[in-house]
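Let's take a friendly walk through the aromatic side chains of this protein. Please have the structure open as you read.

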Amino acid sequence: MRRNILSRISLILAAFMLVSACASKKSTVKKPDAGVTAKGKDLLNTYELNNLNFITFSGRAKAKVQVGEETQNVTLNIRMERDKAIWISVTALLGIEAARVLITPDSVKIINRLHSEYIAKPFSYIYRYTNPGISFRMLQDILVGNISTEMLRTDQLQIATSDGDVQVIGVKDGLTFHYGVNKSNRPTIFNLMELGKSDKLEAHYGDFALIDGHNFPQRFTLNIEGSGTKVSSDMLYNKSEFNKTVELNFSIPSRYKAIN
């Protein structure tokens with residue numbers, strides 16, 4: 001049973017994180033701000049200034065991953081070279097690596113070490129799960145707790161404040177979104193749902209701490225429901241750092257079998 005769920009996690013991990021980028025699936029080209037309200041433009045400026053501005057990121061987190069009714073505790077090592085690559089290693093008990101993932105703006109590679117298999121596809125491979133136009137940058141933003149300012153570039157935006165917190169609700173390209181933002185202009189909640197469908201994504205950020213001068217959420221939970229499948233991940237970082245040299249080692253053993 002454990003081997004089975006780890007195998008599923010190794011393949012679904014990349015899929016559910018890529019699905020989490022669906023907020024930008026309609027268009028990756030920036031639109032003019034002409035349709036954005038004056039208040040919306042102020043938010044864009046504020047949140048762009050308070051988003052984490054980094055060159056590299058490296059973090060290790062304990063995670064509880066649930067796929068359907070099956071649950072597994074794993075360790076995730078995540079490394080990023082901004083706008084270039086996202087590298088993820090999934091290890092189980094005793095430090096045994098179950099999977100390794102490398103996502104770049106033009107490719108998706110997944111190694112399933114438990115079954116000696118791998119996937120090496122162009123970035124368009126993820127269109128099996130989402131529509132064309134996925135934004136690599138949107139995925140980065142979700143993983144480090146940045147607000148996607150692309151989502152705020154819409155004239156369908158509502159803003160409410162209470163006790164210093166801000167609730168931002170809007171509609172963009174057939175998607176409804178909701179950000180809950182704290183007094184430090186950092187997101188605590190991000191919800192995303194496609195109009196007329198039950199598929200949804202919900203992310204929560206907490207335990208903020210100053211890491212190398214960056215206000216980073218050390219707890220990150222992600223819940224996704226779609227196509228009759230529920231996937232959730234509760235992550236707590238025990239190590240994180242910014243702008244240090246990162247290694248993105250990714251080599252596929254010759255004996256491994258390619259799968260579609």
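What follows is a short tour of ring pairs and of charges placed over rings.

Keep in mind that this is a predicted model. It holds 9 aromatic pairs. A good place to begin is Phe57 and Phe216, whose ring centres are 5.2 Å apart with the planes at 45°. That angle is neither under 30 degrees, as stacking needs, nor over 60, as edge-to-face needs, so the pair is tilted. Now look at where the two residues sit: Phe57 belongs to strand β1 (residues 56–67), while Phe216 belongs to strand β12 (residues 214–226). The pair therefore ties together parts that are 159 residues apart in sequence. Both Phe57 and Phe216 are buried.

From Phe216 you can step on to Tyr237. The centres of these two rings lie 5.2 Å apart, and because their planes meet at 70°, the pair is edge-to-face. Strand β12 carries Phe216 and strand β13 (residues 229–242) carries Tyr237, so this contact ties together parts that are 21 residues apart in sequence. How buried are the two partners? Phe216 has a relative accessibility of 0%, and Tyr237 has a relative accessible area of 5%. The cut-off for buried is under 20%, so Phe216 counts as buried and Tyr237 is buried too.

Step back a little, and these contacts become part of a cluster: ring pairs link Phe54, Phe57, Phe216, Tyr237 and Phe242.

Phe54 also has a charged partner, since the charged end of Arg82 sits over its ring, 5.3 Å from the centre. A further arginine to look at is Arg79, which lies over the face of Trp87 at 4.2 Å from the ring centre.

Note on methods: Residues numbered from 1 in each chain as written. Predicted model: local features only at pLDDT ≥ 70, side-chain atom pairs only at ≥ 80, totals over all residues. Heavy atoms only, no water. Phe/Tyr/Trp six-rings, centres within 6.5 Å; stacked < 30°, edge-to-face > 60°. Helix = DSSP H or I, 4+ residues; strand = E, 2+ residues; numbered from the N terminus. Buried < 20%, exposed > 50% of the residue type's maximum accessible area, 1.4 Å probe, protein only. Lys NZ or Arg CZ within 6 Å of the ring centre and 35° of its normal.
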